[in-house]
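Work through the following exercises with the coordinates open beside you, and try each task before reading its solution.

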Amino acid sequence: MIHLKNINKQFGVGPASISAVENVSLEIADGEIFGIIGYSGAGKSTLIRLLNGLEKPTSGSVKIGGLEISAIKGKELREARQKVSMIFQHFNLLWSRTVKDNIAFPLEIAGVRKAKREKKVAELIELVGLAGRENAYPSELSGGQKQRVGIARALANDPEVLLCDEATSALDPETTDSILDLLTGINERLGLTIVLITHEMHVIRKICHRVAVMEAGKVVEMGDVLDVFQSPKESITKRFVSQVTEPAEAKQAMAHIKDEFPTGTLIKLVFVGEQTEQPVLASLIRKFNVDVNIVQGNISHTHGGAYGTLILQLLGDSAVIEEAIQYLNENDVQTEVIGND
Amino acid sequence: MIENLFPNVDWTKMLEATVETLYMTAVSTFFTLIIGLGLGIILFLSSPGQLWSNKLVNIISGAFVNVFRSIPFIILIILLIPFTKFLLGTIRGPDAAMPALIIGAAPFYARMVLIALQEIDKGVIEASKSMGAKTKTIIFKVLIPESMPALVSGITVTAIALVGYTAMAGIIGAGGLGTLAYLDGFQRSREDVTLVATIFILIIVFIIQFIGDFAVRKFDKR
């Protein structure tokens with residue numbers, strides 16, 4: 001569906017120019033939810049704007065459904081944009097229009113007749129769960145409701161691709177989840193390809209199929225979300241993964257445990273997919289003469305399956321502990337010794 | 001009673017002058033609105049990073065606005081006498097005041113339009129572009145409606161300034177309450193005429209302000 005080839009984007013010219021995107025190549029399949037994660041300034045906002053021609057690449061090609069977005073302009077580009085719509089962090093609704101009229105705006109742009117427009121708007125309001133709020137102005141809505149209007153507006157011209165620019169970053173965690181559920185539902189029901197950028201790993205974990213990690217304009221890591229969670233390679237990716245798997249308080253608890261129990265070995269187990277459902281721990285205790293102390297546990301559900309971490313303190317003879325770790329590895333559970341006496 | 005308080009006031013003349021002032025204000029406000037809005041939109045769209053970003057157009061329109069906004073109105077009237085004569089064949093009467101009123105007020109309003117447009121969230125313009133909107137659509141369906149409260153309060157301030165300008169134009173023979181206050185009142189030492197003309201001008205200003213405030217409240221859905 002989306003092909004990016006050797007994209008470079010520079011702002012300014014000469015020595016003062018800034019390279020926002022460097023040599024990025026991506027393929028996004030039809031119907032996929034593709035996430036791009038990075039800190040602010042990583043170039044992800046520029047990258048997503050290349051997909052609907054709001055920015056033009058300095059070099060390289062952007063193709064969506066066979067159409068070379070980077071080469072077209074004028075009427076052709078405006079028509080292409082109706083099929084590649086976008087939602088925004090700050091919603092960007094017209095405050096002078098009601099919910100209904102905001103959703104109708106892209107239809108007016110596309111030249112849809114009034115009767116048809118009204119029918120479509122009614123459907124969309126139903127779809128995003130805003131029935132009863134048709135005549136409200138944006139100032140009367142909550143953040144989550146505003147984003148629902150943004151989504152309805154983006155879907156008005158039956159796009160093939162939906163671009164989400166930090167769509168949940170201004171929302172509280174609960175509202176974020178409800179918006180993400182809505183996006184997943186839309187993806188499944190309408191078969192829409194979704195490209196989203198975010199700095200929250202939680203968003204990637206919850207709805208994305210694949211993820212690209214961006215740092216300083218480059219894509220440093222890319223793959224299925226579950227794989228990236230299981231074995232992040234770059235240090236920036238590890239930082240993002242730990243956003244979800246190791247909340248700050250767990251780190252504190254671990255430091256505390258290390259102080260409390262200076263003996264023994266602290267190990268981190270990583271379970272992926274099916275292993276999360278196997279009684280590995282029970283058989284470990286049964287087979288080896290070690291005492292097991294559970295420090296912290298966590299299971300995250302990603303789009304591709306469950307992903308869990310468990311931090312244990314093993315007490316006992318060091319040779320037996322070695323064997324126990326060996327046993328875990330044989331059972332396809334990744335282990336990592338994070339501290340011992 | 002009123003006759004005793006204002007012995008020199010000719011009420012028929014006062015009413016005629018009021019109508020002339022209202023006429024000058026209304027017509028010049030109308031043209032100021034059209035020209036100022038157009039000029040303000042050009043200033044906005046040609047500025048760096050905007051839809052029609054164009055340095056030359058921006059500098060020329062900016063210079064025009066700044067020059068005409070800076071010339072004191074009473075001097076502008078005098079400077080425009082040849083132009084007015086060429087255009088209308090006369091330099092007396094309410095119609096002859098129009099060129100100076102409009103050329104004096106339109107740049108003033110254009111500057112306010114620019115400020116109003118700059119207040120619009122850039123994201124809203126970007127969103128409209130991302131929906132495939134033409135520049136024309138963005139102007140008429142986004143820029144103007146989204147800045148409506150500021151545009152209306154701007155035209156209110158401008159219309160009130162124009163009432164003042166008509167009075168100044170009145171001194172050199174445009175007619176209206178300004179002429180009456182100056183020629184019949186001041187020059188002939190009839191203070192009561194000047195006073196009543198002033199009260200009438202104040203009433204006009206208050207009414208304009210009231211209408212403006214009402215419209216701003218109605219348009220503002222933020």
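A residue is buried if 20 or more other C-beta atoms lie within 10 Å of its own, exposed if 12 or fewer, and partly exposed in between. The model is predicted, and the exercises below should be read with that in mind.

**Exercise 1. Decide whether B:L151 is buried or exposed, and describe its surroundings.**

Step 1. Begin with the location: B:L151 lies in helix α9 of chain B.

Step 2. Apply the cut-off: 25 other C-beta atoms are found within 10 Å of B:L151, and the residue is therefore buried.

Step 3. Look for its partners: once the neighbours within four places in sequence are set aside, B:L151 is in contact with B:V113, B:A116 and B:I144.

Step 4. Compare sequence with space: B:L151 and B:T198 are separated by 47 residues along the chain and by 28 Å from C-alpha to C-alpha.

**Exercise 2. Characterise helix α11 of chain B, stating how far it reaches and which elements its buried residues pack against.**

Step 1. The helix covers residues 191–219, 29 residues in total, and spans 42 Å from its first C-alpha to its last, which is close to the 42 Å expected at 1.5 Å a residue.

Step 2. The buried residues of α11(B) are B:V193, B:T194, B:V196, B:A197, B:F200, B:I201 and B:I208.

Step 3. These buried residues pack against α2 (11–46), α9 (148–171) and α10 (176–186) of chain B.

**Exercise 3. Summarise chain A as a whole, and say which of its elements has the lowest mean pLDDT.**

Step 1. Chain A contains 12 helices and 14 strands, and its C-alpha atoms fill a box of roughly 80 × 55 × 30 Å along the principal axes.

Step 2. Of the 341 residues in chain A, 40% are buried, and among contacts between residues at least 6 apart in sequence, 70% join residues at least 24 apart.

Step 3. The mean pLDDT of chain A is 89, with 96% of the residues scoring at least 70. Among its elements, helix α10 (residues 248–260) has the lowest mean, 72, whereas α3(A) has the highest, 97. Where pLDDT is low, the predicted coordinates should not be read in detail.

**Exercise 4. Describe how the two domains of chain A meet, and name the element that gives the largest share of the side of domain 1 that touches domain 2.**

Step 1. Chain A is divided into domain 1 (2–243) and domain 2 (246–340), and the centres of these domains, taken over C-alpha atoms, are 38 Å apart.

Step 2. Across the boundary, 10 residues of domain 1 are in contact with 9 residues of domain 2. On the domain 1 side, the elements giving two or more residues are α7 (201–207) and α8 (225–230) of chain A, and the largest share, 4 residues, comes from α8(A).

Step 3. By class, that side of domain 1 has 5 nonpolar, 3 polar and 2 charged residues.

**Exercise 5. Describe the side of chain A that touches chain B, by element and by residue class.**

Step 1. The contact involves 19 residues of chain A and 18 residues of chain B.

Step 2. On the chain A side, α2 (74–81), β6 (84–88) and α3 (99–109) each supply at least two residues.

Step 3. The residues on this side divide into 9 nonpolar, 7 polar and 3 charged.

**Exercise 6. Trace strand pairing in chain A, and identify which strands stand at the edges of the sheet β2-β1-β4-β5.**

Step 1. Four strands form an open sheet in the order β2-β1-β4-β5, with antiparallel pairing. Here β2 (18–28) and β5 (67–68) of chain A stand at the edges, each with a single partner strand, so one side of each has no neighbour in the sheet.

Step 2. Within this sheet, β4 (residues 59–64) is joined to β5(A) by 2 bridges and runs antiparallel to it, with A:I64 opposite A:L67.

Step 3. Elsewhere in chain A, 11 bridges join the antiparallel strands β12 (residues 291–302) and β13 (residues 305–315). A hairpin of 2 residues connects β12(A) to β13(A), and A:G297 stands opposite A:L310 in β13(A).

**Exercise 7. Examine A:E166 and A:A216, and determine whether each counts as buried or partly exposed.**

Step 1. Most residues other than glycine have a negative phi. A:E166, however, has a positive phi of about 50 degrees, and phi of A:A216 is likewise positive, near 50 degrees.

Step 2. A:E166 is found in the loop between β7 (161–165) and α6 (173–190) of chain A, while A:A216 is found in the loop between β9 (210–215) and β10 (218–224) of chain A.

Step 3. A:E166 has 20 C-beta neighbours inside 10 Å and therefore counts as buried, whereas A:A216 has 14 and therefore counts as partly exposed.

Conventions. Residues are numbered from 1 along each chain as its sequence is written. Chains are lettered from A and ligands numbered from 1 in the order in which they are written. This is a predicted model: local features need pLDDT of at least 70, side-chain atom pairs count only at pLDDT 80 or more; totals for chains, interfaces and linings use all residues. Domain bounds come from an automatic or database domain assignment. Two residues are in contact if their C-beta atoms, placed from the backbone, lie within 7 Å. Ala, Val, Leu, Ile, Met, Phe, Trp, Tyr, Cys and Pro count as nonpolar, Asp, Glu, Lys and Arg as charged, and the others, Gly among them, as polar. The expected span of a helix is 1.5 Å times one less than its number of residues. pLDDT is the predictor's confidence in each residue, from 0 to 100. Two strands pair if DSSP finds at least two bridges between them.
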